[in-house]
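This tutorial dialogue concerns the reading of a ligand site and a sheet. Please keep the sequence and the model in view.

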Amino acid sequence: MTRTVYVNGEYLPETEASVSIFDRGFLFADAVYEVTSVLGGKLIDFDGHAVRLERSLNELGIESPISKEDLLEVHRNLVKENGIDEGLVYLQISRGADSDRDFVFPDTDKVKPTVVLFTQNKPGLAETVKPIKVISVEDIRWGRRDIKTVQLLYPSMGKMMAKAAGADDAWLVEDGFVTEGTSNNAYIVKGGKIITRALSNDILHGITRAAVLRFAREAQMEVEERNFTIEEAQEADEAFFTSASAFVMPVVEIDGVQLGDGQPGPVMTRLREIYLEESLKKAE
Ligand code: PMP
């Protein structure tokens, strides 16, 4: 089925949508993105994604080309137009298409940001719980991982290294400590306590992370934001990751070492339930 997509104010069939070869997103990865889940035809935590988008744009000095209200409307229109019940909305904003290739940012009066949105249909998204095997790989990404840029080559390579090793994903390790997964935030559980790295420029400030930690604290679960190693993770009772597209997902094997009985643990299972329940209440 041909999707309807959105490019710079226009709704078009995907086959007719295009951006310039001089777009800085294409030439320099000079672009930011967001992925918002859709459940029951409604957007999960749209507000969280919109706030982070604004922050990413600000950090890169890209003027926000679209208001939050208009962005919500575009999201809703695409979900409706493409009949998405369960799936995702991908949004990308680049610094725009200059008239040539130049490292220097173009004049903001002349070059306006490029805005692209499209949907991805994922039937069964809410029910999918896949026990994940991870390998560890060195984190060699740049130092501003808090900005959600489209520089995703190394995360892609990490997933390919995992695949080649017969695993599903990679956890990135810097100075001996886990930073995050290739496209998710990483957690371990020890003695009922949820442990995850604290926020800094070293990791993406996950929208799902913020919600899950808030719900965990509200449910009187203990949360500790600190660094942990692969060795500590291998000895943990449970491990899991969070992301807007996978919600809360169990990690059952780390570098070939099985965690516990190799099954999704009770803490992760409870957090996933609470997350889905609470997020659906506020979906818009
Ligand atoms: N870390 C990285 C590197 C990611 O790419 C993602 C997902 N885009 C996350 C964490 C999870 O963030 P969120 O919960 O906002 O999807």
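The turns below take up the ligand site and then the sheet.

Q: What kind of model is this, and how are its residues numbered?
A: The model is predicted, with local features requiring pLDDT of at least 70 and side-chain atom pairs pLDDT 80 or more, while totals for chains, interfaces and linings use all residues. Numbering runs from 1 along each chain as its sequence is written, and side-chain values use heavy atoms, with hydrogens and water left out.

Q: Which residues come nearest to the ligand?
A: A residue is near a molecule if one of its heavy atoms lies within 4 Å of it. Here 17 residues surround the ligand, and Arg52, Lys148, Glu180, Ile207 and Thr208 come nearest. The shell comprises four nonpolar, nine polar and four charged residues, where Asp, Glu, Lys and Arg count as charged and Gly is among the polar ones.

Q: Which atoms of the ligand lie close to N or O atoms in the side chains of Arg52 and Lys148?
A: A polar contact is a pair of N or O atoms within 3.5 Å. For Arg52, the partner is an oxygen atom of the ligand at 2.8 Å; for Lys148, a nitrogen atom of the ligand at 2.3 Å. A nitrogen atom of the ligand is also 2.6 Å from a polar side-chain atom of Glu180.

Q: How much of the ligand does the protein bury?
A: Accessible areas come from the Shrake-Rupley method with a 1.4 Å probe. Taken alone, the ligand exposes 390 Å², of which the protein buries 92%. Two or more shell residues come from each of strand 9 (177-181), helix 5 (207-218) and strand 13 (238-243); helices (H or I, at least four residues) and strands (E, at least two) are DSSP runs, numbered from the N terminus.

Q: In what order do the six strands of the open sheet lie?
A: Two strands pair if DSSP finds at least two bridges between them. The order is 2-1-6-5-3-4, with antiparallel pairing. Strand 2 (10-13) and strand 4 (42-43) are at the edges with a single partner strand each, so one side of each has no neighbour in the sheet.

Q: How many bridges join strand 3 to strand 5?
A: Eight bridges join strand 3 (residues 31-39) to strand 5 (residues 87-94), and Tyr33 has Gln92 in strand 5 as its bridge partner.

Q: How many residues lie between strand 1 and strand 2 in their hairpin?
A: Two residues lie between them, and Asn8 in the turn has a positive phi of about 45°. Strand 1 (residues 4-7) pairs with strand 2 over four bridges; Val7 has Glu10 in strand 2 as its bridge partner.

Conventions: Polar contact = N/O pair within 3.5 Å; in protein donor to acceptor, adjacent residues only side chain to side chain.
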